[in-house]
Amino acid sequence: DRRARGALWHRRAGARLGRGIARVYANDLEGARDDLAAAATLPEIQGSIIAMVNARGYMAECHYRAGRFAAALTVAEAIGSIADDADQPWLAVMPKATAAYVLAARGELERATEYAQAAARAAEAADLMPARLWAQQARLRIAAAAGEGDRVVAIGDELRSTPMGAFPEWVHRWRATYVE
C-alpha cells in the first residue's frame, strides 16, 4: 500500500511537471508558471536532480518567453550552477542557453556570449541533439541582437540542414528570427 501511494505521488509530480512544460510550449505562460512552481516544491521533484533542473529550467524559459528577463536570468543562473556542481553538463545546457537568450535580449552581448559558449561546451559533452539545439539557438539570438544578419542566416541554414530543424516553432523559437 505504501509503495502504491508513493508511485501515485511520483506520477502526479511527473504529470504536473509535464503539464507545465507542455504549457510553456503552448504559450500558456501563466498556467506553465503555476504548474512548474507547484512541481518544483514537490518532494519527488526536489529529490531528483533531473526533475529539479527540468522544473526550474523550464521556469526560466517560461519567464523568458513572458518577458520577465530578471526572473529568467536569476533562475537560469541558479539552476545552471546546480547542474555544474552536480557534474551533469547535459542538464546545464538549457539554463545556460536561456541565460544567453536573456542577456542577448538585454544587449549584454559579452556575457551572453560567455553563457552561449558554456552551453555549447556542455552540449558537446552531452552529445545530445536537444542540447545542441539549445546552444545553437543561443548563438542565433546573440547574432540577431548584434545585428549580424549574415551570421543569423548561416546559423539558421545550419539548423535547417540538420534534424534539429524538424522541431516545430512553438517548441524551439528560432525560425522567425531566421526569416527576419
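A search of the whole structure, which is a predicted model, finds 13 salt bridges. In general terms, side chains of opposite charge can pair when their charged atoms come close. A convenient place to begin is helix H2, where Arg33 and Glu30 are three residues apart and therefore separated by about one helical turn. Arg33 forms a salt bridge with Glu30, and the closest N and O atoms of the pair are 2.7 Å apart. Both partners have intermediate accessibility: Arg33 is partly exposed, with a relative accessible area of 29%, and Glu30 counts as partly exposed at 39%.

Two further pairs can be described in the same way. Glu108 forms a salt bridge with Arg106, with a separation of 2.8 Å between the closest N and O atoms. Here Glu108 is partly exposed at 25% relative accessibility, and Arg106 is partly exposed at 38%. In the pair formed by Arg132 and Asp127, the closest N and O atoms are 3.2 Å apart. Arg132 has a relative accessibility of 34% and so counts as partly exposed, whereas Asp127, with a relative accessible area of 57%, is exposed because the cut-off for that class is over 50%. Beyond these pairs, salt bridges link Arg16, Arg19, Arg23, Asp28 and Asp35 in a network.

Attention now turns to the nonpolar interior. The largest nonpolar core holds 48 residues, and those touching the most other members are Leu17, Leu36, Ile45, Tyr58, Val93 and Trp134. Seven helices each supply at least two residues of this core, namely H1 (2–25), H2 (29–41), H4 (49–65), H5, H6 (89–105), H7 (109–126) and H8 (129–145). Helix H6 provides the largest share of the core, with eleven residues.

The surroundings of Tyr58 give a closer view of this packing. Not counting residues up to four places away in sequence, Tyr58 touches Ile21, Val24, Tyr25, Leu36, Val53, Met94 and Trp134. A second, separate core contains eight residues, including Leu133, Ala143, Leu159 and Tyr178.

The largest pocket comes next, with about 270 Å³ of space. Its lining is made up of 15 residues, and Asn54, Trp90, Met94, Pro130 and Trp134 lie nearest the centre. Helices H4, H6 and H8 each supply at least two residues of the lining, and the largest share, five residues, comes from H6. By residue class, the lining divides into 13 nonpolar and two polar residues, with no charged ones. Met94 and Trp134, both near the head of this list of lining residues, are also among the residues that Tyr58 touches.

A final site of interest is Asp84, which is found in helix H5 (residues 69–85). With a relative accessible area of 40%, Asp84 is partly exposed, because this value falls between the 20% and 50% limits. Once neighbours within four places in sequence are left aside, Asp84 is in contact with Ala92 and Lys96. Asp84 can also be placed relative to Ala122, which is 38 residues away along the chain: the C-alpha atoms of the two residues are separated by 9.3 Å.

Technical notes:
Residues numbered from 1 in each chain as written. Predicted model: local features only at pLDDT ≥ 70, side-chain atom pairs only at ≥ 80, totals over all residues. Heavy atoms only, no water. Helix = DSSP H or I, 4+ residues; strand = E, 2+ residues; numbered from the N terminus. Buried < 20%, exposed > 50% of the residue type's maximum accessible area, 1.4 Å probe, protein only. Contact = heavy atoms within 4.5 Å. Core = buried A, V, L, I, M, F, W, Y, C linked by side-chain atoms within 4.5 Å. Salt bridge = Lys/Arg side-chain N within 4 Å of Asp/Glu carboxyl O. 1 Å grid on protein atoms, 1.4 Å probe; cavity = no way out; pocket = protein on both sides within 12 Å on 5 of 7 lines; lining within 4 Å. Points joined across faces, edges and corners; volume = space filled by probe spheres on them. Nonpolar A, V, L, I, M, F, W, Y, C, P; charged D, E, K, R; others polar.
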